[in-house]
Amino acid sequence: MQKHIRGPKQTFTFVMIVTHLLSSILSMGTVAIVLSILGDSIKRQVKDATRFSATAVTRGFTLGTLWAPGAATIFLISTVTKVGWTQLFIPCLILGLLGLLLAYLMEYNQPYMRIQPVTTNTKQQTRFTEHASLVSLVAAVIALLILSFVLMESKVVSSMNTVTLSGLLIVLIWVTALGLKPTTGQTAFKFALKKASLDYWQHGIASGAALAPFFVGIGTFTYGFQHSTISSELTHALAPSFAHLGWLLIVLIPIIVVLVSLIGIHPLASVALIGKIIMTMHIALSPLLIALSLNIGSVVAYMLSPFAGIVMIVATLLHVSSATVSVRWNWQFCLIFLVLSLGVATLLSLIF
């Protein structure tokens with residue numbers, strides 16, 4: 001970034017792409033990594049670094065959940081609609097790339113995008129970061145996707161275990177490849193690997209454990225809600241009304257998911273309920289289109305709800321309110337993306 005990226009526009013694109021790629025293999029851990037590693041460089045390149053970082057990271061991350069094999073939402077949607085992740089991948093990837101392009105175009109004319117970066121002669125790179133390449137990250141993500149496809153199609157393990165196993169293999173291969181570099185870098189590499197391992201053991205696992213109750217709570221609530229009498233009663237009550245809506249359901253689905261998320265209910269719960277209701281009805285709609293509509297709604301909800309985990313993490317790290325990150329800085333993008341992506345999703349359902 002320090003050697004090749006110049007100006008706010010290039011920086012915005014770079015940060016979004018890196019966040020988007022990392023989100024497919026690191027989930028929410030991506031946010032802390034991107035903001036800690038690139039935070040100082042963003043501040044040198046951009047005047048309003050807080051808004052810049054919030055919009056680039058939240059959009060890059062949430063759009064990655066559209067297609068990432070490890071995303072909990074797409075796994076739940078696949079389970080509810082019976083549309084496999086391998087069938088969802090290409091349409092969802094197209095929607096994700098469309099969202100990245102839209103995010104860039106919407107920020108292109110913002111005032112802070114026109115201010116030239118501050119020049120500095122300070123050399124920040126170390127010998128390792130100087131040789132780091134985005135190509136390695138892209139290759140890792142592609143390898144993860146290929147491994148996930150192969151293991152899912154062969155049905156060696158379940159879908160979620162497939163992603164875990166693929167990720168573990170990629171990590172082992174990547175670390176081994178780094179260790180096989182020329183002898184001159186062996187000592188420094190071993191020292192860096194040992195230090196990173198100790199830091200992860202002492203601090204990384206503890207940080208992950210702190211977030212564990214949040215995800216356990218979400219999973220427990222979602223599972224309980226799916227199998228509760230309330231869910232069954234809502235299904236029976238809403239099914240007749242939904243049955244008369246036809247194609248309007250495709251527009252209504254994401255709107256319901258977003259509105260429910262604004263009052264604090266996690267998108268996983270609303271996606272499970274709505275998907276369950278729709279799939280029990282005999283509607284002449286493509287299951288793929290229903291799955292895409294649910295996925296689009298969840299992505300917009302993750303970005304627009306002040307209660308979403310990604311928004312809360314970004315807001316905490318940037319020291320702003322979650323409502324500012326979600327509603328104030330992202331509502332226009334969410335609205336346009338919702339309309340545009342639903343139109344594209346309808347076309348994709350006819351092709352795939």
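Author: Quick definition before we dig in: a residue is called buried if its relative accessible area is under 20%, and exposed if that area is over 50%. Also, this is a predicted model.

Reader: Fine by me. What does the secondary structure of the protein chain come to?

Author: Look for strands and you'll find zero of them in the protein chain. What the chain has instead is helices. The count of those comes to 15.

Reader: And how much of the protein chain counts as buried?

Author: The protein chain has 352 residues. With buried set at under 20% relative accessible area, the share of those residues that makes the cut is 45%.

Reader: Among contacts between residues at least 6 apart in sequence, what share joins residues at least 24 apart?

Author: Start with the contacts in the protein chain whose partners sit at least 6 apart in sequence. Then keep those that join residues at least 24 apart, and you're left with 76%.

Reader: Let's get to helix 12. Is it largely enclosed or largely open?

Author: Helix 12 covers residues 267-279. Its buried residues include Pro267, Leu268, Val271, Ile274 and Ile278. Eleven of its 13 residues are buried, so by that reckoning helix 12 is largely enclosed.

Reader: How far apart are the end C-alpha atoms of helix 12?

Author: Helix 12 has 13 residues, and at 1.5 Å a residue they should span 18 Å. The model agrees with that figure, with the end C-alpha atoms lying apart by 18 Å.

Reader: Gly275 is in there too. What is the C-alpha separation between Ser78 and Gly275?

Author: Gly275 is one of the buried residues of helix 12. Ser78 is in helix 4, residues 72-81, and counts as buried because its relative accessibility is 16%. Leaving out residues up to four places away in sequence, Ser78 touches Val83, Gly84, Trp85 and Leu88. Ser78 and Gly275 are 197 residues apart along the chain, yet their C-alpha atoms are separated by 9.9 Å.

Reader: Over to helix 2. At which residue does it bend?

Author: Helix 2 runs over residues 29-45, and its 17 residues reach 24 Å from first C-alpha to last, close to the 24 Å expected. There is still a bend of about 55° along the way. The residue where helix 2 bends is Gly39.

Reader: Which helices do the buried residues of helix 2 pack against?

Author: The buried set in helix 2 includes Val31, Val34, Leu35, Leu38 and Ile42, and Gly39 is among them as well. Those buried residues pack against helix 1 (8-26), helix 3 (49-64) and helix 14 (309-318).

Reader: Lys43 is also in helix 2. Is Lys43 buried or exposed?

Author: Lys43 does have its place in helix 2, and its C-alpha is separated by 9.2 Å from that of Ser53, ten residues apart along the chain. Its relative accessible area is 59%, and the bar for exposed is over 50%. Lys43 is therefore exposed.

Reader: How are helix 3 and helix 5 oriented to each other?

Author: Their axes come within 9 Å and cross at roughly 165°. Helix 3 brings Arg51, Thr55, Arg59, Gly60 and Leu63 to the contact, while helix 5 brings Gly96, Gly99, Leu100, Ala103 and Glu107. Helix 3 passes helix 5 in a right-handed crossing. Angles over 145 degrees count as roughly antiparallel, so helix 3 and helix 5 are roughly antiparallel.

Reader: At what angle do helix 1 and helix 3 pack?

Author: Helix 1 offers residues including Phe12, Val15 and Met16, and they meet a helix 3 set that includes Phe52, Ala56 and Phe61. The crossing is right-handed. The axes are 8 Å apart, and the angle is about 35°.

Reader: What is the relative accessibility of Ala56?

Author: Ala56 is in helix 3. Setting aside residues up to four places away in sequence, Ala56 touches Phe12, Val15 and Met16. Ala56 counts as buried, with a relative accessibility of 0%.

Reader: Last one: what is the phi of Lys82, and what is that of His319?

Author: Lys82 is in the loop between helix 4 and helix 5, and is exposed at 69%. His319 lies in the loop between helix 14 and helix 15, and is exposed at 72%. Lys82 is not a glycine, yet has a positive phi of about 65°. His319 is not a glycine either, and has a positive phi of about 60°.

Conventions
Residues are numbered from 1 along each chain as its sequence is written. This is a predicted model: local features need pLDDT of at least 70, side-chain atom pairs count only at pLDDT 80 or more; totals for chains, interfaces and linings use all residues. Side-chain values use heavy atoms; hydrogens and water are left out. Helices (H or I, at least four residues) and strands (E, at least two) are DSSP runs, numbered from the N terminus. The expected span of a helix is 1.5 Å times one less than its number of residues. The bend at a residue is the angle between axes fitted to the seven residues ending there and the seven starting there. Buried means under 20% relative accessible area, exposed over 50%, partly exposed in between (1.4 Å probe, protein chains only). Contact means heavy atoms within 4.5 Å. Axes are lines fitted to C-alpha atoms, for helices over the stretch in contact, and angles run from 0 to 180 degrees between N-to-C directions. Angles under 35 degrees count as roughly parallel, over 145 as roughly antiparallel, 65 to 115 as roughly perpendicular and the rest as oblique. A crossing is left-handed if the near helix is turned anticlockwise from the far one by less than a right angle, and right-handed if clockwise.
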